[in-house]
Amino acid sequence: MIDLKSVNYDRVLRRYDIQMEARETPEDIAAKMVPQDPVLKKIAEDVVFMRYKNVQDDVTAALGTFSPEEIIDKGLVKGMDVVSELYGRGIYYLPHVMVAADAMDRGVKLCESKMTGAREMKGKVVMHVAEGDPHDIGKNIAAVLLKSNGFNVIDMGRDVAVEDVVQTVESEKPQLVTGTALMTTTMSAFPKVADRLQEKGINIPFICAGGAVNRAYVESYPMGVFAEKAAQGPALANKAAEGWDWRKLRENWDKLTGGA
Ligand code: B12
């Protein structure tokens, strides 16, 4: 029997960091995660603190110094990373997340309109979010980066049925297909898509991303090539357009993506 009078509760609380977490405010957490550069920091904070009215002006000001791709990757996405952390800790709730996502979306759209990337099409990509999954923020960012890098993107949106993905790949004949899944209940759609495509004799790389999946899972079914960040998309897509198959992309994954 434990003698409860002899337990030092301060030590228990300290050990699990409960006291510290309870005291941390969104501002404290954001300060540790947002970029150091003052211009990018302001943009990340616009997303974290849902200042959607400021995003337009702050992104416009940043466009003088940073490329649209940098503003997305090092400012807007960093802000959304903080929002994810706050939501995960139960400090933010779904309404916060939705307003923050709207702020990010405004910034992404403005960046997209300023992108001057190569307009000559390198290849075609079919993108989707897994069946049953509504989380399309990351897929939308990846789509913007692929478009700005000269890919013709067929964006099927979110919650896309396995058979619809297969039919679209069959009719559009892309060099690459991508899937995003943030929920453990939806990631099992990926091996189904891969199996159905293989049954039809289609063997193109299938880039799979989103918080629910990791490299080991994605490489456990044919055609799967993992991506951790939207910014890794163009490097993988460039090679797929050059004719690399999914096995070669997997072998050279660290080199192409900078590891993860
Ligand atoms: C935003 C959000 C929502 C929004 C989604 C809005 C939208 N339009 O996307 C809303 C409010 C709608 C929502 C709803 C729900 N959500 Co939610 N949500 C989130 C949250 C907070 C952030 C996700 C996000 O956008 N992250 C930022 C983006 C940028 O990240 P990302 O998509 O992963 O993309 C990155 C990479 O994966 C990659 N990437 C993605 N796609 C692609 C594609 C290519 C080609 C490439 C190269 C790269 C790439 O690039 C991006 C970074 O550079 C997460 C928490 C978390 N920690 O992730 C929960 C989370 C995903 N949600 C969760 C849940 C459970 C739900 C709900 C079921 C909640 C509920 N009880 O109702 C509902 C869904 C109901 C339904 N079935 O319809 C869980 C999933 C748990 C699980 N493991 O299954 C999470 C993890 C929260 C949690 N900790 O419990 N959610």
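A backbone N or O atom of Gly-210 sits 3.2 Å from an oxygen atom of the ligand, which fits the cut-off for a polar contact (a pair of N or O atoms within 3.5 Å; within protein, one must be able to donate a hydrogen and the other to accept it, and residues adjacent in sequence count only if both atoms are side-chain atoms). This is a predicted model, where local features need pLDDT of at least 70, side-chain atom pairs count only at pLDDT 80 or more, and totals for chains, interfaces and linings use all residues. Residues are numbered from 1 along each chain as its sequence is written, and side-chain values use heavy atoms, with hydrogens and water left out.

Back to the ligand. Asp-136 places a polar side-chain atom 2.7 Å from a ligand nitrogen atom, while Ile-137 has a backbone N or O atom 3.4 Å from a ligand oxygen atom. Helix H6 (68-88), helix H7 (94-114), helix H8 (137-148) and strand E3 (176-180) are the elements that each give two or more residues to the shell around the ligand; helices (H or I, at least four residues) and strands (E, at least two) are DSSP runs, numbered from the N terminus. The top contributor is H8, with five residues.

In total, 30 residues surround the ligand, and His-135, Asp-136, Thr-180, Thr-184 and Ala-230 come nearest (near means a heavy atom within 4 Å). By type, the shell splits into 15 nonpolar, ten polar and five charged residues, with Ala, Val, Leu, Ile, Met, Phe, Trp, Tyr, Cys and Pro counted as nonpolar, Asp, Glu, Lys and Arg as charged, and the others, Gly among them, as polar.

Then there are the domains. The assignment, automatic or from a database, gives domain 1 (16-114) and domain 2 (123-257). Their centres, taken over C-alpha atoms, are 26 Å apart. Nine residues of domain 1 are in contact with seven of domain 2 (heavy atoms within 4.5 Å). Each domain supplies at least three residues to the ligand shell.

Finally, a look at the backbone. Most residues other than glycine have a negative phi. Met-50, not a glycine, has a positive phi of about 55°, and its place is the loop between helix H4 (38-48) and helix H5 (52-62). Asp-159, also not a glycine, has a positive phi of about 50°; this residue is in the loop between strand E2 (151-155) and helix H9 (162-172).
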